[in-house]
Amino acid sequence: MRAGIIGLSSVGKSTVFELLTGAPPPPLGSRPEPRVGVARVPDPRVERMAELFKPRKKTLATVEYVDVPGVRKGTASTLIDLPALRNIDALVHVVRAFESDAVPHPDDTVDALRDARFLELELILADLGAVERRLERLEANIKKANRPEDVSEKALFLRLKEGLEAERPIREIELAPEERLRLRNYSLLSEKPLLLAVNLSETQMREAASFLERSGLAALADRPQVQLCPISAPIEAEIARLDADDARAFLDDLGLGEPGLDRVLRATYALLGQISFLTVGEDECRAWTIRSGTRAQEAAGAVHSDIERGFIRAEVVSFEDLVRAGSMAAAREKGWLHLEGKEYLVRDGDVVHFRFNV
Ligand SMILES: Nc1nc2c(ncn2[C@@H]2O[C@H](COP(=O)(O)OP(=O)(O)OP(=O)(O)O)[C@@H](O)[C@H]2O)c(=O)[nH]1
Ligand SMILES: [Mg+2]
């Protein structure tokens with residue numbers, strides 16, 4: 001799973017990226033280019049399992065982030081680095097809300113709602129260009145061969161064009177599931193689920209909910225497949241420096257339940273309809289990422305393709321039941337361990353042991 005971090009220049013994208021992934025800042029004076037990093041998804045369930053099983057290793061689920069250099073207003077017809085955003089599953093748009101004389105804003109003033117709308121329009125324009133190019137190609141093909149699949153695709157792309165011209169992101173255009181599937185072959189950006197990560201100052205962070213409401217961002221984000229997440233880069237940097245107890249006290253003082261970065265990760269996860277199942281043992285306790293609605297046999301493939309191929313049964317116990325029982329043996333004794341076939345739909349927090357033969 002991969003998410004692209006986009007936004008205007010100097011809004012804090014790279015700061016957020018570095019905090020999420022632990023990547024070092026690029027060498028001073030180097031040419032800005034996209035960077036890829038891996039973030040671990042915090043999961044208290046893995047910690048709890050590790051207490052129970054004392055494994056040699058614990059492994060968290062991961063999300064890949066791409067840090068894309070900033071979009072500069074009014075410098076080119078397409079302001080977004082399209083090649084950098086190929087093969088992404090979601091977009092994280094970092095929007096600046098913090099005021100700072102030290103950090104210049106391309107418009108001189110800070111207006112988060114204006115910027116969020118501006119970038120949305122850029123995504124729509126980028127897609128409109130791609131859709132128009134595809135339509136030209138399809139029309140040429142239809143003239144030559146008139147294949148029915150080209151004709152139906154043309155109808156689909158004409159609908160996309162109409163929606164985009166009305167400034168609607170593809171995300172909001174009504175499409176049949178098979179049409180959505182078809183669009184996966186194209187990197188259409190306004191089709192991707194979107195996380196608006198609003199970078200607030202510490203003062204704004206203390207009343208984040210009311211800030212998001214007042215600024216109009218809450219209303220803007222109240223749409224399908226859009227999430228809103230307040231963060232504060234300086235606060236996150238501070239938390240990253242503190243040990244667990246001090247970090248907790250600092251968060252409590254700010255009235256925050258968890259670090260903003262955890263919220264960003266969780267929101268990215270939720271946006272993509274991702275869930276985790278767990279595998280446990282003395283060797284390793286680990287969280288694995290799958291899309292919600294994945295069958296047991298396919299989920300086995302997340303662990304290893306051999307296990308998917310040789311799948312026999314899945315032994316499943318919910319995380320809560322396993323904690324309640326205290327051990328795998330006790331869970332089995334209580335009858336909380338279920339044997340499931342390949343069609344079983346794995347649930348978030350299932351602890352799974354696959355039986356297979358190769
Ligand atoms: N005061 C303040 N400064 C910030 C905040 N977030 C980032 N900065 C500063 O703003 C500057 C730009 O931050 P970056 O993370 O490099 O921004 P960017 O979006 O990656 O910028 P480009 O890649 O150039 O588009 C840096 O000097 C940061 O230290 C914030 O929340 N508050
Ligand atoms: Mg940057």
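# Notebook: helix H11 and selected salt bridges

**Helix H11.** I looked up helix H11 and found that its 12 residues, 260–271, reach 16 Å from the first C-alpha to the last, close to the 16 Å expected at 1.5 Å a residue. I note that the model is a predicted one.

I then asked how many residues of H11 are buried. The helix is mostly covered, with 10 of its 12 residues buried. I listed these as Gly260, Leu261, Asp262, Arg263, Val264, Leu265, Ala267, Thr268, Tyr269 and Leu271. Arg266 is partly exposed, at a relative accessible area of 39%. After H11 I came to Gly273, which has a positive phi near 65°.

**Arg266 and Glu258.** I next asked which residue forms a salt bridge with Arg266. The partner is Glu258, and the closest N and O atoms lie 2.7 Å apart. I checked the accessibility of Glu258 as well: at 22% it counts as partly exposed.

**Salt bridges in the whole structure.** I recorded a total of 35 salt bridges. Two further pairs were examined individually.

**Glu51 and Arg48.** I found a salt bridge between Glu51 and Arg48, with 3.2 Å between the closest N and O atoms. I asked where the two residues lie relative to each other in helix H2. Both belong to H2 (residues 44–53), and because they are three residues apart, about one helical turn separates them. An α-helix has 3.6 residues a turn, so residues three or four places apart point the same way. Regarding accessibility, I noted Glu51 as partly exposed at 49%. Arg48 is likewise partly exposed, at 30% relative accessibility.

**Glu172 and Arg223.** I found that Glu172 forms a salt bridge with Arg223, the closest N and O atoms being 2.9 Å apart. This pair links distant parts of the chain, 51 residues apart. I located Glu172 in the loop between helix H4 (148–165) and helix H5 (177–183). Arg223 sits in the loop between helix H8 (217–221) and strand E7 (226–231).

I also asked whether Glu172 should be entered as buried or partly exposed. Its relative accessibility is 22%, so I entered Glu172 as partly exposed. For Arg223 I noted 22% relative accessibility, which again counts as partly exposed.

**Network.** Finally, I asked which residues are linked with Glu172 and Arg223 in a network of salt bridges. I recorded Glu120 and Arg171 as the other members of this network.

Notes:
Residues are numbered from 1 along each chain as its sequence is written. Chains are lettered from A and ligands numbered from 1 in the order in which they are written. This is a predicted model: local features need pLDDT of at least 70, side-chain atom pairs count only at pLDDT 80 or more; totals for chains, interfaces and linings use all residues. Side-chain values use heavy atoms; hydrogens and water are left out. Helices (H or I, at least four residues) and strands (E, at least two) are DSSP runs, numbered from the N terminus. The expected span of a helix is 1.5 Å times one less than its number of residues. Buried means under 20% relative accessible area, exposed over 50%, partly exposed in between (1.4 Å probe, protein chains only). A salt bridge is a side-chain nitrogen of Lys or Arg within 4 Å of a carboxyl oxygen of Asp or Glu.
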